[in-house]
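Hi everyone, thanks for coming. Could you pull up the model on your screens, and we'll walk through one sheet together?

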Amino acid sequence: MTILFLDFETSGLNPYHDDIIEIAMKVYGKDIKYSALLKPKSNECISQEITALTGISNKMLHKEGVEWQKAYQDTNEFLKEILKSSSDNKLYIVSHNGETFDFLFLKRIFNDLNQLNIKAFPIKNIVFIDTLLLAKGLLKNRITYKQSALCTSYNIITKGSHRAMNDVKSLEKLYIALCEILNKELNKRRSVLENPQMIND
């Protein structure tokens with residue numbers, strides 16, 4: 001059983017057209033991680049609004065960004081390598097607002113790799129967990145379910161938010177906090193943290 005936290009920074013909010021400009025992934029409870037800045041696939045410059053939000057500039061992407069093909073392949077290989085150590089041949093991938101954002105970008109990466117005749121990581125081996133949906137199910141009547149606001153509620157430091165690896169690290173802590181709440185509600189001997197399939201069930 002292997003849990004992986006995932007976050008993308010992008011050039012906009014449209015998961016079907018906008019560019020990935022940063023990827024970060026981290027294995028739960030371990031210092032095994034991958035992150036990269038990407039040169040935009042479209043070759044379009046990112047907007048000042050995105051730079052203001054993320055701190056990522058066009059200059060940074062030009063100097064430090066890797067070509068999208070390499071970043072996509074590295075992401076793919078990282079996932080395949082992590083799967084080897086999974087006891088149940090599954091990867092539990094956790095993102096905040098994943099269902100309408102991060103998971104769609106990840107599926108786009110797989111589609112683009114397949115079009116390059118590179119065998120993409122098999123979707124059937126992924127269990128997707130969206131902490132936004134989990135939080136909405138557990139915490140009723142909140143005004144906002146933004147990751148930053150939820151982290152503040154649980155005294156989780158979110159320094160440098162909207163940089164992918166910082167968001168991933170705070171997401172890991174938020175996920176633990178939400179699982180502890182769910183454990184209390186379920187009142188079962190099995191821990192949700194050790195059995196993430198229970199969240200989807």
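**A strand and its neighbours**

Let's start with one pair: Phe-8 has Ile-23, in E2, as its bridge partner. Before going on, this is a predicted model, where local features need pLDDT of at least 70, side-chain atom pairs count only at pLDDT 80 or more, and totals for chains, interfaces and linings use all residues. Residues are numbered from 1 along each chain as its sequence is written, and side-chain values use heavy atoms, with hydrogens and water left out.

The labels are DSSP runs numbered from the N terminus: helices are H or I with at least four residues, strands are E with at least two. Two strands pair if DSSP finds at least two bridges between them. In general, strands of a sheet pair through backbone hydrogen bonds, either parallel or antiparallel.

E2 covers residues 20–27 and pairs with E3 in the antiparallel sense, over five bridges. With E1, E2 is antiparallel too, over seven bridges. On the E3 side, Ile-23 stands opposite Ala-36, and Lys-26 faces Lys-33. E2 and E3 make a hairpin with five residues in between, and Gly-29 in that turn has a positive phi of about 75°.

Zooming out, the sheet is open, has five strands in the order E3-E2-E1-E4-E5, and mixes its pairing. Its edge strands are E3 (33–37) and E5 (126–130), each pairing on one side only.

So, is E2 covered or open? Mostly covered: eight of its eight residues are buried, meaning under 20% relative accessible area, with exposed over 50% and partly exposed in between (1.4 Å probe, protein chains only).
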